[in-house]
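Hi,

Here is the structure I promised to pass on. Have a look at it first, and then read on for what turned up.

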Amino acid sequence: MTYTTRLVTDEAAFARLAPDWDRLYRRCASATPFQSHAWLHSWWSFYGRPGRLRLLVVRDGGDLVAAAPLMRVRRPVPALVPLGGAISDYGDVLLDDGRGEAAVAALSDALAVCAGTALIDLREVRPGSAAERVYERWRGPRHRMDDSLCLELPGVPMDELVARLPSAKAQRVRAKLRKLSALGVERHPVGPEEVDKALRRLLELHRLQWEGRKVTAEHLRPRFARHLVRAVEPMVRAGDAVVTEFRLDDDVVAVDLTLLSRRLTGGYLYGAHPCLRQRKADVAVMLLDACTEHVSSGTLSLLRGDEPYKHHWRPVPVVNRRLLLARPHTAPLLAAAVGAVAARHRGGQLLRKWRERGGGGA
């Protein structure tokens, strides 16, 4: 079996890869929606910088069997990092599950050549990912450390999630579900042709619900809206995303975007009108109830973040990994990256202690 590799640096060539990429994505069980072609190509269109695309693809004849969607950055050290950036909860490569270790070896060897004088820095890698297979196969210096925390639930129906709770808390959740039903909140999945309008409504409601409070600034920027619309419309068509409108008295009072893959379902972003809380509707319960309709197995991820409301559901904490891969001549870059992370961690600890001693009140 002979594999051939190619380095794609042109956005138009990236676009033409869509059919092959989609087939490979379906054959990689560990892939998350953030590795779909629709998500990554849209992200590159609005967030990428000319000349920095480094998309490594491996083929067996005409079949795409592995891919590493990367871009080159220069700071803090020269590195190849995953496409998707901070707005993507998981980063990974793609490997055809049916090709075994030969495809892993081909991608690993090609990455070593592609890296050149740069470090390979794979962020937000979910445990069990394809990138971990590359890490285990890597022949040069390497280092693994913790990245963001995600909270995960089993992919089961809502009544089973409620049954996992202590009896008193379960009774409260059931009462909240009855309250939503009594209010007359109705759910309506949005078709592909309505995605544009629904997502723009989602972002309007998201801005409204966070008005006067700290919010992720990127979610309010025009480029994020353009990316979301471009990415999600084909994802809805392909069954990789669901956009749901929640209506009350014929008014859209909330919109939710849930992303889907073979092993993972996750509520990515929502917007809810403050009137729901004024009418004593529990938005978190409403959204999770809707999300569980699209889970048939696997994991229901609450994605990144350790917000207190997520812990009400007794999730399992799962820590993403940061995988650093180097060649012998780039080992100093790896050491520098590890040292910088350790320094930031230590600085954070010192700052927290200073604040605990009352320094924050100065």
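Is D60 buried, exposed or partly exposed? Partly exposed: its relative accessible area is 21%, and the cut-off for buried is under 20%. Do keep in mind throughout that this is a predicted model. D60 sits in strand β2, which covers residues 53-60. If you want a sense of distance, take D60 together with R346: they are 286 residues apart in sequence, and 47 Å separate their C-alpha atoms.

**Pockets**

The largest pocket has a volume of about 1,300 Å³. It is lined by 46 residues, and those closest to its centre are W210, Y270, E307, Y309 and K310. Six elements are listed as giving it two or more residues: α7 (167-183), α8 (195-209), β11 (264-272), α10 (275-278), α11 (283-292) and β12 (299-304). The largest share is that of α11, with six residues. By class, the lining has 24 nonpolar, nine polar and 13 charged residues.

The second largest pocket comes in at about 440 Å³. There are 27 residues in its lining, with V81, P82, D121, R123 and R322 nearest the centre. Here the elements that supply two or more residues are β3 (63-73), β4 (79-82), β6 (119-125) and α12 (331-356). The most comes from α12, which puts in five residues. Its lining splits into 16 nonpolar, four polar and seven charged residues.

**Helices**

I'd look at α8 next, since that helix also turns up in the lining of the largest pocket. α8 has 15 residues and spans 21 Å from first C-alpha to last, close to the expected 21 Å. Its buried residues are V195, A198, L199, L202, L203, L205, H206 and Q209. Viewed down the helix axis, these fall within an arc of 165°, so they line one face of α8. What do the buried residues of α8 pack against? The answer is one helix, α9 (222-238), and the strands β9 (241-248), β10 (251-260) and β11.

Helix α4 (residues 100-115) is 16 residues long and reaches 23 Å end to end between C-alphas, close to the 22 Å expected. Buried in α4 are A103, V104, A105, A106, L107, S108, A110, L111, A112, C114 and A115. Just after α4 comes G116, with a positive phi of about 60°.

In helix α3 (residues 37-47) you'll find S42. S42 has a relative accessible area of 1%, so it counts as buried. Setting aside neighbours within four places in sequence, the residues in contact with S42 are H37, H227, R230 and A231.

R174 is in helix α7. At 37% relative accessibility, R174 is partly exposed. Beyond its neighbours within four places in sequence, R174 has contacts with V162 and A163. From R174 to R49 it is 49 Å, C-alpha to C-alpha, with their positions 125 residues apart in sequence.

**Backbone points to check**

Where is the cis peptide bond that joins R75 and P76? P76 lies in the loop between β3 and β4, and omega for that bond is about 0°. Both of those strands also contribute to the lining of the second largest pocket.

Then there are two residues other than glycine with a positive phi. K280 has phi near 65° and belongs to the loop between α10 and α11. K280 is exposed, at 64% relative accessibility. R314 has phi near 60°, and its place is the loop between β12 and β13 (316-325). R314 is partly exposed, with a relative accessible area of 47%.

That's the lot for now. Shout if you'd like to go over any of it together.

Cheers

Definitions and conventions: Residues numbered from 1 in each chain as written. Predicted model: local features only at pLDDT ≥ 70, side-chain atom pairs only at ≥ 80, totals over all residues. Heavy atoms only, no water. 1 Å grid on protein atoms, 1.4 Å probe; cavity = no way out; pocket = protein on both sides within 12 Å on 5 of 7 lines; lining within 4 Å. Points joined across faces, edges and corners; volume = space filled by probe spheres on them. Helix = DSSP H or I, 4+ residues; strand = E, 2+ residues; numbered from the N terminus. Nonpolar A, V, L, I, M, F, W, Y, C, P; charged D, E, K, R; others polar. Expected span 1.5 Å × (residues − 1). Buried < 20%, exposed > 50% of the residue type's maximum accessible area, 1.4 Å probe, protein only. Arc of directions from axis to C-beta. Contact = heavy atoms within 4.5 Å.
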